[in-house]
Structure formats: C-alpha cells, structure tokens
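Hello,

Here is the structure I promised to pass on. Have a look at it first, and then read my notes below.

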Amino acid sequence: MRIDVVSIFPDYLAPLDLSLIGKARRDGLIELQVHDLRAFTHDRHRTVDDTPYGGGAGMVMKPEPWAEALDHVAAQTDSRPTLIIPGPGGQRLDQALARELARRDHLVFACGRYEGIDERVYDYAARDFDVRIVSLGDYVLNGGEVAALAVIEAVARLVPGVIGNADSLVEESHEDGLLEYPVYTKPEHWQGRSVPEVLLSGDHGRIAAWRHEQRLQRTAARRPDLLPRAAAAGAEQLAIAV
Ligand SMILES: Nc1c(O)cccc1[N+](=O)[O-]
C-alpha cells in the first residue's frame, strides 16, 4: 500500500516512523510519503491561506497550492488513488470503513487547517481521485493531521503482514461487532485480585466460551448500540446478552 499525506505540519506525521507502522515501512509493506503543502507555493511567504470571501472569522486554505500538491501526487501513480480529506462532516470512521480502505492500493490524505480548504479543491480533486471525506467524530479539531494518523493506523494494521500474528486481528473490538474480552497476565494474584480460574484451567473450550460470553456481556453493558450489528454479523448467542 502506498500512502501520501499533504500537510502544512509534516512533522505531525512523525509518529508514523514508530512501532508497527514504522516497521511495515522499513519492511516495504507500506510506502509512505509526507509532503509539505508549502513546497507547492511560489511566493516569498509561502502563503497557503487567505481571507474568506463573504467575510467571517479565520482564514481559508488557498486552492492553488492544493491543486499543485494533488497534481504532484497523482502524477506518481497510474492508478486512481483514494483521496481522504478528514473533516467533521465526513463519513464516520469505523472498522468496516477501515477494512474497505485497507483494500485500496493508494491512499492520499489532504490535511486541512484554518477554516478549511477552498471548496473548489474537492471538485478539482475528483478528476484524478476518488474523494472521501472522513470524520473521527462529532467534535472540533484544529486540522486533519490527528485524523489522518488515526485512519492510517486503523487501515495500515489490516494490511497483510503488518500485524505479525494475524490471529490477533480476529477477536478485536468491533471486528465482528462485539467488544473484546478482558485480558490478564502474571502475576496470578495482585492487590487482592485474582485471575479468573477458567483461564488457568487449560480447557480451551471452556476458555473460548467464557471469553465469548465476556464479549457479549461487555458489549451489552458498554455499547448496546453495537448488538444489532453484531447479530447481523453472526455473533452467536446474542440472546444471552439482550
Ligand atoms: N472533527 C474534525 C475536525 O474538526 C477537523 C478535521 C477532522 C475532523 N475529524 O476527522 O473528525
């Protein structure tokens, strides 16, 4: 998978050099390029914003640098990349969307700042990209970089080989609609609290059943809104939880 990110704060994406994503880049599973939007300006002040037509507070990101940046990225590929523009009005990121995006060959992230990107850029980009607006949630951020980091992590970890043990992807929260079960490690007894006996039994059938029951109970207690989707996804024994 190829990922490009365009931002006026390229250092914001530095965490993508770390941990599993960083290793995936070094292993060649993911190719990541971060581009400074100001590299696509031509004035002395490297201007990327200006006052909004119609008045109002704040500044709007100028279309010209974005057009040059997107043209630069599009020229590097024969495919039609998916352009993800993080924004509060976008499709909410969930595991299903992460899985969908993980099937794409080339993701490009346009990280807006200020009051946003000139609206004409969205239309301009549709010539070379499949444009998707994606939101982390209904709250206000100062820009798209945090969202880009979250989407990249959620998507990149689904790329085959990025997570060493693919089994760990199976019973994760939201993968089949249910939250994940509680986990424990040594010591067996800690602060007057002990590991559930079933986990020490060595009976894999009992352990699997207990873990599934825990997932059902946790989902019913913490996120009952997920139960209908879990039922549709085939999470058995939902009758116990509802
Ligand atoms: N919510 C928000 C924002 O206010 C600005 C950029 C991106 C997002 N978002 O992805 O959720």
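**Around the ligand**

The residues near the ligand (a heavy atom within 4 Å of it) are P86, G87, P88, V134, S135, L136, G137, Y139, V140, L141, G143 and A147. Please keep in mind that this is a predicted model, in which local features need pLDDT of at least 70 and side-chain atom pairs count only at pLDDT 80 or more, while totals for chains, interfaces and linings use all residues. Residues are numbered from 1 along each chain as its sequence is written, and side-chain values use heavy atoms, with hydrogens and water left out.

Three of these neighbours make polar contacts (N or O pairs within 3.5 Å) with ligand oxygen atoms. For L141, a backbone N or O atom is 2.8 Å away; for L136, again a backbone N or O atom, the distance is 2.9 Å. S135 uses a side-chain N or O atom, at 3.3 Å. On its own the ligand has 290 Å² of accessible area (Shrake-Rupley, 1.4 Å probe), and the protein covers 93% of that.

**The nonpolar cores**

A nonpolar core here is a set of buried Ala, Val, Leu, Ile, Met, Phe, Trp, Tyr and Cys residues (under 20% relative accessible area, 1.4 Å probe, protein chains only) joined through side-chain atoms within 4.5 Å. The largest has 29 residues, and I3, V5, F109, V151 and V155 touch the most other members. Helix 5 (145-156, a DSSP run of H or I, at least four residues) is among the elements that each supply at least two residues, and its seven are the largest share. Leaving aside residues up to four places away in sequence, V155 is in contact (heavy atoms within 4.5 Å) with M1, A98, L101, A102 and L107. A separate core of 19 residues includes V48, L70, I117 and A125.

Best wishes

Notes:
Buried < 20%, exposed > 50% of the residue type's maximum accessible area, 1.4 Å probe, protein only. Polar contact = N/O pair within 3.5 Å; in protein donor to acceptor, adjacent residues only side chain to side chain.
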